[in-house]
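Work through the exercises below with the coordinates open. Each task is followed by a solution in steps.

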Amino acid sequence: MTYLVKGVEIEDTFAEAFGMWGGRVIITAVSSKWAREAAGKMTGYATSVIGCGCEAGIERDLDSTPDGRPGVSALIFAPGKDGLETAMAERIGQCVLTCPTTACFNGLSAAEQASIGNQLRFFGDTHQISKIIGGRRFWRIPVMDGEFLVEEKFGVQKAVGGGNILILGEDSQSALKAAELAAEAMRRVPGVILPFPGGIVRSGSKVGSRYKFMKASTNDAFCPTLRSLVPTALPDGVNCVYEIVIDGLDLSVVEQATRVGILAACIPGIQRITAGNYGGNLGRFKIYLRKVLEEAVPA
Amino acid sequence: MTILTLRTQPQAPLEAGVITPDQFMSKPAAALARLPVVHGNEQACLGDFFAVDGEGSTELILNGDLSRVKWIGAGMTMGSVTIHGDSGMHLGAGMRGGEINAFGNTGDWAGAEINGGKLHIRGNTGHGLGGAYRGSRHGMNRGLIIVEGNAGTETGAAMRRGLIAVKGDVGDFAGAFMIAGTIVVFGSLGIRAGAGLLRGTIVAFRQTELLPTYRYACRYHPLFLDKILRELQSHGVAIPDIAGRCFQRYSGDFNRLGKGEILIIDD
């Protein structure tokens, strides 16, 4: 069953999302260029927990940072708290500590905390220095351009991963344009990241495979080239599909991103917008497209 | 709020360690007046010297020249003490929490062996600020001390943790035998700063002569200092802009571990 928003069919279905743990990392540097460089590296190869162990992305450029320098915030998500702590420590250690002029701060007030600076300090080989400033402990780790300043504890909290929408277009140009517009609108929602390249996925997946060693494989029902080979989910006239995966610090921001994304993606050339789910059997959260849109446009 | 106003100037030092929010909390005014103090070598009552206005609370306001009143706020764990006037020795010594705001000068040993909380002195203070009493293993162990005027000798001596910021000048032997923590001096630093320092940081915003047991390390911008200055700013302290400024780092004291540092701003 579908209904129309700005001439685009919205399927009355839900996105199935999963419980995750999330943390926010603030990276500052002498310039925006270097802060973004570090954040880009830190959030690289973090598109899906299936293959990367975590999902991460740059949240936004910051106007105000803990040390007053240019900075960006990034979000990291992982299925468990321990996994998140490991991912944060490894990524900050390999990608932020190593980057010229950077410093790294916690950006999330949460009851639960991950020990990050406390792990990275050992790189100082006994020359690290601790400072408690404003009740928070920081580590000064000597490096070749001076010192790397990193906060000891980072707040982590239960979060939501795997929210999604699927944009079904008549051709690749219109589908990509709609996906770009949706991603741009979604990125403006605080507490949300889109972990895939440019926020957009072309290789949506289904659970399992005909190959026993594969946990996930191509979402053949949405592949235009397989329309005549497998049961298809594509209406006539659809020749290209893009997915946008949404991770957020709580359900409300994922719903908000879903809403603004759908509304932005409703442009000429788009036939339908739907969402991926597994029948509601795997994920803890169900994000009904109709419900989130009704909150924006009361019937 | 409880208001204490000095009505009889003590002829000898008055030991009034009972003036803390912990002691005052929930006591009626009559009971507050009966709290014991030591005047010279004699026992006396708080009411012999102070007019008490209001029931006991965790917010104390003291008025008058209290330069002979010692141990105000000593060992307090919470609440606030505001002093409109000078105060005597050992102000806030050993305090563990809460906040003291002194709008005058203070005597020696202010904040000695403080273990938490905030001590903000708008005037000058004496010797031994945040320091260790003779025979003690360490001085200040946590918390924040801000002095907007000058401080005497042995500021932060043997301090273990925490932050001391002095907007004016500091006397000799600042941070002597310091174990860790941070002392920031915006005025001039006396001689022999950091003598016997184990770890910890002394930041000087004016050129100063160092002991020969300190060795030059480098010239750089210490990022943690931006955080410290922002923290001070959040407590209402006007701080200089150090954006783009570099500091000379000296390591020492090599008579001991040599893991401490003195940072001196570039000319």
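The exercises that follow concern a predicted model.

**Exercise 1. The setting of Arg24(A)**

Task: Classify Arg24(A) as buried or exposed, and find which side chain makes a polar contact with its side chain.

Solution.
Step 1. Locate the residue: Arg24(A) belongs to strand 3 of chain A, which covers residues 14–28.
Step 2. Apply the cut-off: buried means under 20% relative accessible area. Arg24(A) has 17% relative accessibility, so it counts as buried.
Step 3. Look for a polar partner. The side chain of Glu59(A) is in polar contact with that of Arg24(A), at 2.7 Å.
Step 4. List the neighbours, leaving out residues up to four places away in sequence. Arg24(A) touches, among others, Glu59(A), Ser73(A), Phe105(A), Phe154(A) and Leu249(A).

**Exercise 2. The contact between chain A and chain B**

Task: Describe the area, the residues and the polar pairs of the contact between chain A and chain B.

Solution.
Step 1. Start with the area. About 1,400 Å² is buried between the two chains, and carbon and sulfur atoms give 60% of that. On the chain A side, the residues that lose the most area to chain B are Lys131(A), Ile133(A) and Arg140(A), which together account for 34% of what that side buries.
Step 2. Count residues: chain A supplies 19 and chain B supplies 17.
Step 3. Count the pairs. There are 8 residue pairs in polar contact across the interface, with both residues at pLDDT 80 or more. The count of salt bridges between the chains is 1. Glu261(B) and Arg140(A) form a salt bridge, with their closest N and O atoms 2.5 Å apart.
Step 4. Assign the chain A side to elements. Strand 6 (103–106), strand 8 (129–133), strand 9 (136–143) and strand 10 (146–151) of chain A each give two or more residues to the side that touches chain B. Strand 8 gives the most, with 4 residues.
Step 5. Sort that side of chain A by class: 8 residues are nonpolar, 6 polar and 5 charged.

**Exercise 3. Salt bridges and sequence separation**

Task: For three salt bridges of chain A, Glu9(A) with Arg272(A), Asp61(A) with Arg36(A) and Arg137(A) with Glu152(A), state where the partners lie and how accessible they are.

Solution.
Step 1. Set the context: a search of the whole structure finds 22 salt bridges over all chains.
Step 2. Take Glu9(A) and Arg272(A), whose N to O distance is 2.9 Å. Glu9(A) is in strand 2 (residues 8–11) and Arg272(A) in strand 16 (residues 270–274) of chain A, so the pair links parts of the chain 263 residues apart. Glu9(A) is partly exposed at 26% relative accessibility, whereas Arg272(A) is buried at 17%.
Step 3. Take Asp61(A) and Arg36(A), with closest N and O atoms 3.1 Å apart. Asp61(A) lies in strand 4 (residues 55–62) and Arg36(A) in helix 1 (residues 32–42) of chain A, so this pair ties together parts that are 25 residues apart in sequence. Asp61(A) is partly exposed, at 43%, and Arg36(A) is also partly exposed, at 38%.
Step 4. Take Arg137(A) and Glu152(A), at 3.7 Å from N to O. Arg137(A) lies in strand 9 and Glu152(A) in the loop between strand 10 and strand 11 (153–169) of chain A, so the parts they tie together are 15 residues apart in sequence. Arg137(A) is partly exposed at 29%, and Glu152(A) is buried at 12%.
Step 5. Check for shared partners. Arg140(A), Glu147(A), Arg249(B) and Glu261(B) are joined into one network by such salt bridges.

**Exercise 4. The faces of helix 1**

Task: Explain why the buried residues of helix 1 of chain A can be said to line one face.

Solution.
Step 1. Identify the buried residues: Ala35(A), Ala38(A), Ala39(A) and Met42(A).
Step 2. Look down the helix axis. The buried residues of helix 1 of chain A fall within an arc of 95°, so they line one face.
Step 3. Recall the geometry: an α-helix has 3.6 residues a turn, so residues three or four places apart point the same way.
Step 4. Turn to the other side of helix 1, where Lys33(A) and Lys41(A) are exposed.
Step 5. Find the cover. Strand 3, strand 4, strand 5 (71–78) and helix 3 (81–96) of chain A are included in what covers the buried residues of helix 1.

**Exercise 5. Backbone exceptions**

Task: Where is the cis peptide bond between Gly252(B) and Asp253(B), and what is the phi of Thr126(A)?

Solution.
Step 1. The cis bond joining Gly252(B) and Asp253(B) has an omega of about -10°. Asp253(B) is in the loop between strand 16 (247–252) and strand 17 (260–265) of chain B.
Step 2. Thr126(A) has a phi near 80°, a positive value in a residue other than glycine. Thr126(A) sits in the loop between helix 4 (117–120) and strand 8 of chain A, and counts as exposed at 51% relative accessibility.

How values were computed. Residues numbered from 1 in each chain as written. Chains lettered and ligands numbered in written order. Predicted model: local features only at pLDDT ≥ 70, side-chain atom pairs only at ≥ 80, totals over all residues. Heavy atoms only, no water. Buried < 20%, exposed > 50% of the residue type's maximum accessible area, 1.4 Å probe, protein only. Polar contact = N/O pair within 3.5 Å; in protein donor to acceptor, adjacent residues only side chain to side chain. Contact = heavy atoms within 4.5 Å. Buried area = accessible area lost by both parts, 1.4 Å probe. Salt bridge = Lys/Arg side-chain N within 4 Å of Asp/Glu carboxyl O. Nonpolar A, V, L, I, M, F, W, Y, C, P; charged D, E, K, R; others polar. Arc of directions from axis to C-beta.
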